[in-house]
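Here is a short report on one protein chain. It moves from a single residue out to the cores, the pocket and the backbone.

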Amino acid sequence: MDESGETVRELDDDGQTIDELMSSQMGLTYNSVFSDFNILPGFINFDVFSVDLSTKLTRDITLKIPLVSSPMDTVTESEMAISMALHGGIGIIHANYASLDDQIKEVVKVKRYKQGFISHPHCIKKTDSVLDLLQIKKKYGFTGTPVTSTGAVGGKLLGLVTSRDIDLIDESKYSCTKISDVMVPLESLITGTEDLTLEHAYKILETEKKGKLPIVNSNNELVSLIARSDLKKARDFPWSSYDSKGQLRVGAAINTRESAKEAVKKLAEAGADVLVIDSSQGASIYQVNLLHWIKKKYPKRPQIIAGNVVTKKQAAILIAAGADAVRVGMGSGSICITQEVTAVGRAQGTAVYRVAKYARLHGIPVIADGGIRDVGYITKALALGASTVMMGGLLAGTTEAPGEYFWGPSGVRLKKYRGMGSIDAMKANISSQDRYFNSESDAIKVAQGVSATMRDRGSVHKFVPYLVRGIQHGFQDIGVRDLEELRVGVVRGEIRFELRSNNAQVEGGVHSLHSAEVCRYLLWTSYDGARFISIADGNARFGVLGFLKALVKESFPDVGEQLKMSQSSRTDAGVHALRNAFIVQIPIMNADRAKSKLLHDWNQRADECTGKSIRVLDFHNVSKGFCSRRNVSYRKYKYRLAVADNENEWLKYIEHPSTWQFAEKPYMWFLPNGFDIQKAVDACLLFKISFYGTHNMASFMKYPLRDRLRTVERIPTLRHILHIGISGGCSRILNASGFSLIDISVISRSFLRSQIRRMVRTIVDHAYGHISRERLLWLLDNPNPDNFHHLGMVSAPAQGLFLEDVVYDERMFCNPVPYHYHSWDEEIDGMLCDDESF
């Protein structure tokens, strides 16, 4: 008994056990804001890094984190599966391909990505040409290729050839240069024997500073290959999910048709670790028969996840048939409408609890599939008995998800996301129809899912670690170090739960906010650079920044001097922005609650003043410490060129521009005939090779005299380029003829002002033969602000340049890393992000 008279039993009775929570027979969800229940906190006596999230995916497969990506065609293909496995989870490759071979290829890509011993490396013969090698590299991405007598594994090892061996060969000689002329011969290679362990092989690569280690048998025949890059990746991703061969783990979805047997055979040969029988209602004779067949043919590997189920009876049927894990969920996904269409299903929280309680008695792990919308949902699913959670919508907007990004009507960056029971998915392939027991010959197909879009979430390589850390914090607050401790605590009633009333649900969300403090918002705009003399000019009529300030003041006339605004990316007069960001400080809380009205009013006023030359696309709240310039992930630029097809077209343009040329003149650089596209590509390639990664770009600075006026430290010239390339362009006007349209695209974290225009001028001059390849290399290799001007060169015109996008990791909006002080916070010289780097 404590000082207040409470007995230990009374203290322990606070809240409910899991059985008491579920005794109402009412379906419960685990939604985190409007949630039916909460987990009560425990005692913390360990740090968050001590939390171990290792768990069982199936009977025989263990993962370092309890996260699985869903087998949906807008969620998981090889890129997603690789990323998930690298972080300790696993991805399940969807089956909605045009052919089985396409799915097999995706599985093979994952197994080959981090191979350990690469048992089937792509080889080449010494009589093949450099062009043949480049085809292998283009198709498979390998940079080190063994040379064998047969051109395949098992042949006599003759040498090794890498990209470094062919970099300096002229492209015109690719087809006539033999591999034997450029390869590193066997006598210069270090090789390993068949009994070499993976750890010993990596030590050899480290000691000898080699990129590849061929493994040969006693007859000097190639057996396998080990890559140094695999060792480096192992350091970056210590939790990676590997099989016994050191290959990344991957799963694949199959249907329940007779053709699934052939799929199982080929997927097993490709190395799939686990197969998911993908069905909305798993308790069927089709799935039971398939399970029996698979377990007879493949008793141990691949492991089989059966489902979906939501009741103990369903689970019992599949477990008895040999399932190695059970997938739980029916109609709980964000784009699934099974419960609405068929009136069949179950609340996900209750389903997970009931099925997991039964499956645990048989040693079968449970995967909670559906309804996972944020990190708190994952913790609740695990507390209810799930071993892992399967995520669809939570990952659909990430970079690694299949599909291309596009801009929504409000300027939000989106990706398509669709349920596998949607009409779109069922039209795409028969596999999606099988999941919902539709037939290709059915005159009427009943949709059990919808198509939608998801906002850009950034890369899985940032998002998954965020989820992991969130789960670890949840476990720490509960007072458990791992999933086993969580399960034991829940079963024994030591971990308590509590139902929430409607008012408690409101209280648990964001509510009752009011503050006299100023708030900051990130405001997205697009504008026509031809209509503004600069971005930062203080005159509201001529400067983008000034005009935006005037719009905000019209809506909030009392802000006075508390209104602050600065741009993410500076653009010179004539440079256009399809999407630029501005950080705004005003003494108004929750301004985004009136977002629709504000955007409508601002754009209506902008239309009246500028004739749609500027648009406010979106805005949302950001925290102090967020810097719109320095917290940028990367910026995308495009420069538009129009090159005359012949001299006659150029003369016509000079004398009498056509309607489309007149309309496009403020938005692209028109050039005469004689432009050598191959030289332009060559120049882009030189930029890419020389500047890929961090490089000193001083030769392309705007004002060389600044070196004599300001210290070099105030003008950082190192930049990190992610991409530079050239491609065909298009006109905004129909019937554009007589000119070839070209786009030069550049992606980088930041640039000095006007730097891209100088790069474009260099590329264009090289294409016309005005500067040689050697002179271009000299510019790249000798960074000096005077070089560009001493060569008599001038920047490319401003009108062809477009700032396409400024991309952030959205987590930086609330938790910026690093935290940046701003002059708006306190008067500290030099704290404002006012350098010329952006």
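## Around Ala 386

Leaving out residues up to four places away in sequence, Ala 386 touches Val 352, Ala 356, Val 366, Ala 368, Ala 381 and Arg 487. The model is a predicted one. Ala 386 sits in the loop between helix 15 and strand 17 (388–391). Its relative accessible area is 0%, so Ala 386 is buried. From Ala 386 to Arg 327 the C-alpha distance is 9.5 Å, and the two are 59 residues apart in sequence.

Helix 15 (375–383) also borders another loop, the one that runs between strand 16 (366–369) and that helix. Ile 372 is found there. Is Ile 372 buried or exposed? Ile 372 is buried, because its relative accessible area is 7% and the cut-off for buried is under 20%. Ile 372 lies 7.7 Å from Met 390, C-alpha to C-alpha. In sequence, Ile 372 and Met 390 are 18 residues apart.

## The chain and its cores

The protein chain has 838 residues, and 53% of them are buried. Its secondary structure comes to 30 helices and 31 strands. Consider the contacts with a separation of 6 or more: 72% of these join residues 24 or more positions apart.

The largest nonpolar core holds 92 residues. Which of its members touch the most other members? They are Leu 67 and Met 391. Helix 19 (residues 460–478) supplies the largest share of this core, eight residues.

Leu 67 shows how the chain comes together here. Neighbours within four places in sequence aside, Leu 67 contacts Met 84, Gly 89 and Ile 90. Leu 67 is also in contact with Ile 378, Val 389 and Met 391. Further contacts of Leu 67 are Val 464, Leu 467, Val 468 and Ile 471.

A second core is separate and has 77 residues. Among them are Phe 532, Val 584, Val 622 and Ile 724.

Elsewhere, Lys 564 lies in strand 23 (residues 564–567). Lys 564 has a relative accessible area of 31%, so this residue is partly exposed. Its C-alpha atom is separated by 4.9 Å from that of Gln 585, 21 residues apart along the chain.

## The largest pocket

The largest pocket has a volume of about 1,600 Å³. Its lining takes in 42 residues. Which of them lie nearest the centre? Lys 137, Ser 163, Arg 164, Ile 166 and Asp 167 do. Several elements give two or more residues to this lining, including helix 5 (130–140), strand 7 (157–162) and helix 6 (163–166). Helix 26 (677–691), strand 29 (718–728) and helix 29 (773–781) are also on that list. Helix 26 gives the most, with nine residues.

The lining is mixed in character: 18 residues are nonpolar, eleven are polar and 13 are charged. Domain 2 (117–235) and domain 4 (634–808) each contribute at least three residues to the lining.

## Backbone exceptions

Most residues other than glycine have a negative phi, and most peptide bonds are trans. The residues and bonds below depart from that pattern.

| Residue or bond | Backbone value | Place |
|---|---|---|
| Arg 301 to Pro 302 | cis, omega near 0 degrees | Pro 302: loop between helix 11 (285–297) and strand 14 (303–309) |
| Gly 307 to Asn 308 | cis, omega about 5 degrees | Asn 308: strand 14 |
| Asn 220 | positive phi, about 65 degrees | loop between strand 10 (212–216) and strand 11 (222–227) |
| Lys 612 | positive phi, about 65 degrees | loop between helix 23 (595–610) and strand 25 (614–622) |

Pro 302 is in the loop that leads to strand 14, and Asn 308 is in strand 14 itself.

Neither Asn 220 nor Lys 612 is a glycine. How exposed is each? Asn 220 has 26% relative accessibility, so this residue counts as partly exposed. Lys 612 reaches 60% relative accessibility and therefore counts as exposed. The cut-off for exposed is over 50%.

Notes
Residues numbered from 1 in each chain as written. Predicted model: local features only at pLDDT ≥ 70, side-chain atom pairs only at ≥ 80, totals over all residues. Heavy atoms only, no water. 1 Å grid on protein atoms, 1.4 Å probe; cavity = no way out; pocket = protein on both sides within 12 Å on 5 of 7 lines; lining within 4 Å. Points joined across faces, edges and corners; volume = space filled by probe spheres on them. Helix = DSSP H or I, 4+ residues; strand = E, 2+ residues; numbered from the N terminus. Nonpolar A, V, L, I, M, F, W, Y, C, P; charged D, E, K, R; others polar. Domains from an automatic or database assignment. Buried < 20%, exposed > 50% of the residue type's maximum accessible area, 1.4 Å probe, protein only. Core = buried A, V, L, I, M, F, W, Y, C linked by side-chain atoms within 4.5 Å. Contact = heavy atoms within 4.5 Å.
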